[in-house]
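Reader: Got a minute to walk me through this fold? I'd like the layout before anything else.

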Amino acid sequence: MSFNEAFKAIADPTRRKILTLLRTGDLTAGEIASHFDMQKPSVSHHLKILKQADLVQDRREGQHIYYSLNTTVFQDLLRWFYDFVEKGERHDER
């Protein structure tokens, strides 16, 4: 996982909404697509970008693919952000 890929992935409002939907639990691409006014291939494209950034994982159950959040990546991003802010505050105190 690269932070650049993760930040690029979350820069898009559609992908942020997908991540918000997945906070409530695992969903199929069709279930995710039902929340948007776009074709399923477009939703699949957004899911692919989120997967490449390791923000989302998928698993197959029969004919369905379920998507879920990869919370460890979010923890890494939060840790980086916290360190970034804290170092900035220490620098400002000088």
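Author: Sure. One term up front: helices and strands here are DSSP runs, numbered from the N terminus, with at least four residues for a helix and at least two for a strand. It's a predicted model, by the way.

Reader: OK, so what pattern does the protein follow along the sequence?

Author: Reading along the chain you get α-α-β-α-α-β-β-α. That makes five helices and three strands.

Reader: Is it a compact globule or more spread out?

Author: More spread out, because the radius of gyration is 16 Å, well over the 12 Å that the globule rule gives for 94 residues. The C-alpha trace spans about 60 × 25 × 20 Å along its principal axes, and 29% of the residues are buried.

Reader: Now the sheet. What's the strand order?

Author: The order is β1-β3-β2, in an open sheet with antiparallel pairing. β1 (27–28) and β2 (56–61) are at the edges with a single partner strand each, so one side of each has no neighbour in the sheet.

Reader: How many bridges join β1 to β3?

Author: Two. Leu27 has Tyr67 as its bridge partner in β3. Between β2 and β3 there are six bridges, and Arg60 sits opposite Ile65 there.

Reader: And what's in the turn of the β2 and β3 hairpin?

Author: Two residues separate the strands, and Gly62 in that turn has a positive phi of about 65°.

Reader: Last one: which helix lies across the strands?

Author: α2, residues 13–22, lies across β1, β2 and β3, and runs at about 95° to β3.

Methods. Residues are numbered from 1 along each chain as its sequence is written. This is a predicted model: local features need pLDDT of at least 70, side-chain atom pairs count only at pLDDT 80 or more; totals for chains, interfaces and linings use all residues. Side-chain values use heavy atoms; hydrogens and water are left out. Two strands pair if DSSP finds at least two bridges between them. Contact means heavy atoms within 4.5 Å. Axes are lines fitted to C-alpha atoms, for helices over the stretch in contact, and angles run from 0 to 180 degrees between N-to-C directions. The radius of gyration is taken over C-alpha atoms; the globule rule is 2.2 Å times the number of residues to the power 0.38. Buried means under 20% relative accessible area, exposed over 50%, partly exposed in between (1.4 Å probe, protein chains only).
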